[in-house]
Structures are given as C-alpha cells and as structure tokens.
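Reader: I should be grateful for a close look at the aromatic rings of this model and at how the parts around them are packed. Please state the cut-off behind each term when you use it.

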Amino acid sequence: MDRLIIDPEFRDKIPPLTEDEFTLLEENILSDGAVFSPLIVWDGTILDGHNRYEIIQKHPELTYAVHKMSFDNRYEALSWICKHQLGRRDLTPQQKKYLIGQRYEAEKMAHGGDRKSTTAKSTVQNEQLKPKNAAVTRQRIADDAGTSESYVMRAGWYAQGVDAAEEALPGIKQEILTGAIKPTETAVAAVAKAAPEERSRLAADLKKSKDDSPAPLTTKPRQPLQEKPRCRRSRKYRLRWSGTRPPAPRRMYSVPWMARSSRSWSFLTASFRNIHGFCRTAITGRNSSRSCRK
C-alpha cells in the first residue's frame, strides 16, 4: 500500500461525511472487495478520496487505483478540489457558497502568487492580482457555477469569514456549512474584516438565534388622517362619518358603446331630438318659402 500524504487544508475543503454515510460507504466497499473510484493524487498528496483512503488503511487487503494529476502550485490544486466538489448533488447552499468562494480565493493566489509569506511579498511574480484579471476570474467562475460575478465576490468574503470564525471558535464551520445555524452572509463576512481580538465575540454571536436577540421597541402606529369631503351636506360625507359604506355603483347598460349612466343617456337623447328638430325645421321652412313665392 502506497503511503500517501493527507494535507489538512485540502481535506477541510471537502464536505465531511456523517457517521452513517461513512459506515454505508465502508460496507459497500467491503462488499465489492475493491475501491472502484481511484484516489486523485498530486505530488503524493491526496486531492480527492480521503474517506476511501481511511477505509483502505483499515482494510489493507482492498485493491485500489491511484490517478496522478499535475499542477504548477498548490493553489491550482485547491481550485481543482473546489471545482470538483461543486459537482456533487448533496451540497447545502452554504457549502456551495463556501466552495465557490474558496475557488475564487485559490485562483487569485494562483495568478497573483503567494501573498501570505512575508518573504514572497517583495518578488515581482507575487504582485497583487489586477482588478481586470480579478473580474475575468470572477466571470469565469460564475459561468462554471451558473451564478453572477457579484455572487462570486460575496462568496469570497463569505469563505474568508467562515475560516476566520473557525480559527476563533473551532467547530463552528461545520455548523454553518451544514445549516445547523444560519447566520446572515454579512455577519459571517464581518468576522474576517474585524480585528483579531474581536473575532471570538463575533463568532460566538453567529450562534445566537433570532429569538435570543432583544426584541425591537414597538411604537404605536401612526393613524392615517382621514380626508374629509368639502361639502358636509353631500351624501358621501354623511355615509363616511355615519359608519355605513356607500353602495357599489350599478352598471346601467351592458352594451359597451352605450352610455354608462342615465344622465349621459338623456343627454344623447336630447341631442338627437335637437338635431332631428333642426333638420325638420330647415326642411319645412324651405318648403313654406317656396309655397309663398308661388
């Protein structure tokens, strides 16, 4: 059996299995007598297959295969791990956001170099990633994950906050990613932006539920002012201030081209009468003038 290296940073990027899931995986492998899925390895370090490798160590008689991959640096390997894990179907929304953010941070480090060590900051190859290249990186990750560029940027802040909270309060990362506690994205990202001495308090605040937070002060809602009609003798005024509702308007005519009220209908009737009378007067007057001439 090959002695492979388990990198804690690589292992922590992979969502862990529950006890039942690990037991079921072990039973399936023992029943098959072999590990069908190969272990993905880079430079002797496991990238994918930590659980399978643990089962292999417990049962050395199992046969397995190793698939070697090549990367220029560890950040490209981290980016591959996150991209590979995003293809899983059993991810929670928090785990998906965390993996997208970790992939974005890893690709920034892969293109911009190692900016964590103090000795590497002075070299030319470790310059900061330019904003244009960062936008291209975010857009590429967004296209692969089916999200937007702004979501990738927020996911990077979210991943930094989760890691900072885990350093300040061990064990909280698993609770956040599994959905046991559901703090807001802004609260998680604020942990990484805070000073180191304040991160423990902010990480502890992430566990507080909404019921534990103090209730907001309730004020009496302001009553809207009722607009009074101008004329107090109107029927609208009497109905409003007497507490009764005015009756719904009744539709007088069902034909759309006809008038909608009796007033407009009477106006049309009177107009037709005037027109008819004018035409008749004009005709009879013309005939009478001709008879007088004769």
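Author: Helices (H or I, at least four residues) and strands (E, at least two) are DSSP runs, numbered from the N terminus. By that rule the chain has 12 helices and 3 strands. The model is a predicted one, in which local features need pLDDT of at least 70 and side-chain atom pairs count only at pLDDT 80 or more, whereas totals for chains, interfaces and linings use all residues. Residues are numbered from 1 along each chain as its sequence is written, and side-chain values rest on heavy atoms, with hydrogens and water left out.

Of the chain's 294 residues, 31% count as buried (under 20% relative accessible area; exposed is over 50% and partly exposed lies in between, with a 1.4 Å probe and protein chains only). Among the contacts (heavy atoms within 4.5 Å) with a separation of 6 or more, 64% link residues 24 or more positions apart.

The aromatic rings come next. A search of the whole structure yields 2 aromatic pairs (ring centres of Phe, Tyr and Trp, the last by its six-membered ring, within 6.5 Å; planes under 30 degrees apart are stacked, over 60 edge-to-face and the rest tilted). The pair of Phe10 and Trp42 has its ring centres 6.4 Å apart and its planes at 50°, and is therefore tilted. Because Phe10 belongs to helix H1 (residues 8-12) and Trp42 to strand S1 (residues 39-42), this pair ties together parts that are 32 residues apart in sequence. Phe10 and Trp42 are both buried.

Trp42 also pairs with Phe71, and this pair is edge-to-face, with 6.4 Å from centre to centre and 70° between the planes. Phe71 is found in the loop between strand S3 (66-68) and helix H4 (74-85), while Trp42 is in strand S1, so parts that are 29 residues apart in sequence are tied together. Phe71 is buried, as is Trp42. Phe10, Trp42 and Phe71 thus make up one aromatic cluster.

Just after Trp42 the backbone deserves a remark. Asp43 lies in the loop between S1 and S2, and its phi is near 55°, a positive value in a residue other than glycine. Most residues other than glycine have a negative phi. Asp43 has a relative accessibility of 65%, so Asp43 counts as exposed, whereas Trp42 is buried.

H1 and S1, which carry two members of the cluster, are also packing partners of helix H3. In H3 (residues 50-58) the buried residues are His50, Arg52, Tyr53, Ile55 and Ile56. These buried residues pack against H1, helix H2 (19-32), S1 and strand S2 (45-48). The axes of H2 and H3 come within 11 Å of each other and cross at roughly 60° (axes are lines fitted to C-alpha atoms, for helices over the stretch in contact, with angles from 0 to 180 degrees between N-to-C directions). H2 and H3 are therefore oblique to each other (under 35 degrees is roughly parallel, over 145 roughly antiparallel, 65 to 115 roughly perpendicular and the rest oblique). Their crossing is right-handed (the near helix is turned clockwise from the far one by less than a right angle). On the H2 side, Phe22, Leu25, Glu26 and Ile29 meet Asn51, Arg52, Glu54, Ile55 and Lys58 of H3.

Helix H4, which follows the loop of Phe71, includes Gln85. Gln85 has a relative accessible area of 2% and so is buried. Beyond its neighbours within four places in sequence, Gln85 is in contact with Ile14, Pro15, Asp48, Leu91 and Leu99. Leu91, in the loop between H4 and helix H5 (93-112), is likewise buried, at 18% relative accessible area. Residues up to four places away aside, Leu91 touches Pro15, Gln85, Leu86 and Leu99. Leu91 and Leu177 are 86 residues apart in sequence and 9.1 Å apart in space, C-alpha to C-alpha.

Two further rings are met by charges. The charged end of Lys97 sits over the ring of Tyr158, 5.0 Å from its centre (NZ of Lys or CZ of Arg within 6 Å of the ring centre and within 35 degrees of the ring normal). Lys193 lies over the face of Trp157, 4.8 Å from the ring centre. Trp157 is also touched by Ala189, which touches Gly161 as well when residues up to four places away in sequence are not counted. Ala189 is in helix H9 (residues 185-193) and is buried, with a relative accessible area of 9%. Between Ala189 and Val162, 27 residues apart in sequence, the distance is 7.5 Å from C-alpha to C-alpha.
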